[in-house]
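Colleague: Please take a close look at the loops with uncommon backbone geometry, and then set them against the packing of the rest of the chain. I should like one connected account.

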Amino acid sequence: MTLRFAYNTNGAANHRLGDALHLIKAAGYDGVALTLDIHHLDPFAETWAAEAGRVASLLEKLELTCVIETGARFLLDPNAKHEPTLVTADAAGRARRVGFLKRAVEIGAMLSAEAVSFWAGVPKPGVDHGEARRWLVEGLHEVATFATESGVVPCLEPEPGMLIETLGDYAALDVPGLALALDTGHCLVTGEREPAAAVREFADRIGTVAIEDMKRGSHIHLPFGEGDMDVPGVLEALEEVGFGKLICVELSRESHRADVMIPQALDYLRGCRRPGPVLAGEQETRRQWP
């Protein structure tokens, strides 16, 4: 099968959204992971619906499919990164996060997105984790139900340092319809599983995949070739399980050189899948790993 790749717009934050989409298309990607943000389809702008319609038309014109990402840093609160979350003590704050995720689902439906990805959040000091988990499950049920009714796949991404930070944490949840947003790099940060093994183990629950390079134990998204990720092995596993959805490159620290990194990342991934020459004596085809 042919794997399908996308690029996350949080790695093109210095570009207008339309320009970023054209860059991603020109490089040869199949889709885009669209991170909703103040400068990229602001979901709280008065004109959000009209803008979503414009983006949907552009995606159709460019023949790009998409995943909606919701990890913008200061979208909900300009004074506190990633706040409020689904585990914020203040009920009004949690409701604001739920409202945002529902808006993301609405936009996802308008853009025919393959999935909407979101995370749990970090409990503040002094917050009881059992209580935070109860708040989280309540929020997840509400968002997952809304997404399912809207025809969009809701996906929870385990994130290092958050209440749900491992695949084991995700697996322990009981929320009907809630798929997994697997960031393969996060497996190297937590050390819980090898990324390729995680793909095989959770194949039937994966709604979307993020890929990048990363060093073991360090949560920094790196360009391919600069970390410890076995990229060929991960792609081999995704192909083995028949993963047909978008595999999204996430290089959120590389916006300053997005013009270079967008095509370079796809070249690397394609190089991992390029068949090698047929060996005359064995009539065997091997892959060339970069």
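Modeller: Pro 84 lies in the loop between strand E3 (65–69) and H3, where helices (H or I, at least four residues) and strands (E, at least two) are DSSP runs numbered from the N terminus. This is a predicted model, in which local features need pLDDT of at least 70 and side-chain atom pairs count only at pLDDT 80 or more, while totals for chains, interfaces and linings use all residues. Residues are numbered from 1 along each chain as its sequence is written, and side-chain values use heavy atoms, with hydrogens and water left out.

The peptide bond leading from Glu 83 into Pro 84 is cis, its omega being near -15 degrees. His 82 belongs to the loop between E3 and H3 as well, and its phi is near 65 degrees, a positive value in a residue other than glycine. Most residues other than glycine have a negative phi, and most peptide bonds are trans. Leu 41, in the loop between strand E2 (31–35) and H2, also has a positive phi, near 55 degrees. At 4% relative accessibility, Leu 41 is buried (under 20% relative accessible area; exposed is over 50% and partly exposed in between, with a 1.4 Å probe and protein chains only).

The helices that follow these loops pack on one another: H2 (residues 48–62) and H3 (residues 91–110) meet at an angle of about 35 degrees, with axes 9 Å apart. Such axes are lines fitted to C-alpha atoms, for helices over the stretch in contact, and angles run from 0 to 180 degrees between N-to-C directions. The crossing of H2 and H3 is right-handed, that is, the near helix is turned clockwise from the far one by less than a right angle, anticlockwise being left-handed. In contact (heavy atoms within 4.5 Å) are Trp 48, Ala 49, Ala 52, Gly 53 and Ala 56 of H2 with Arg 103, Glu 106, Ile 107 and Met 110 of H3.

A second helix pair is formed by H1 (residues 17–27) and H9 (residues 258–273), at about 30 degrees and with axes 9 Å apart. H1 and H9 are therefore roughly parallel, a label for angles under 35 degrees (over 145 is roughly antiparallel, 65 to 115 roughly perpendicular and the rest oblique). Their crossing is right-handed. Leu 23, Ile 24 and Ala 27 of H1 make the contact with Ile 262, Pro 263, Leu 266 and Arg 270 of H9.

Tyr 29 touches residues of both helices, including Ile 24, Ile 262 and Leu 266. Along with Ile 68 and Leu 111, Tyr 29 has the most contacts inside the largest nonpolar core, which has 88 residues. Such a core is a set of buried Ala, Val, Leu, Ile, Met, Phe, Trp, Tyr and Cys residues joined through side-chain atoms within 4.5 Å. Apart from the 88-residue core lies another, of nine residues, among them Ala 33, Ala 115, Cys 155 and Ala 179.

Helix H8 (residues 231–240) is mostly covered, seven of its ten residues being buried. The elements over those buried residues include strand E1 (4–8), H6 and H9. Within H6 (residues 184–190) sits Gly 185, buried at a relative accessible area of 0%. Beyond four places in sequence, Gly 185 touches Glu 212, Met 214 and Met 229.
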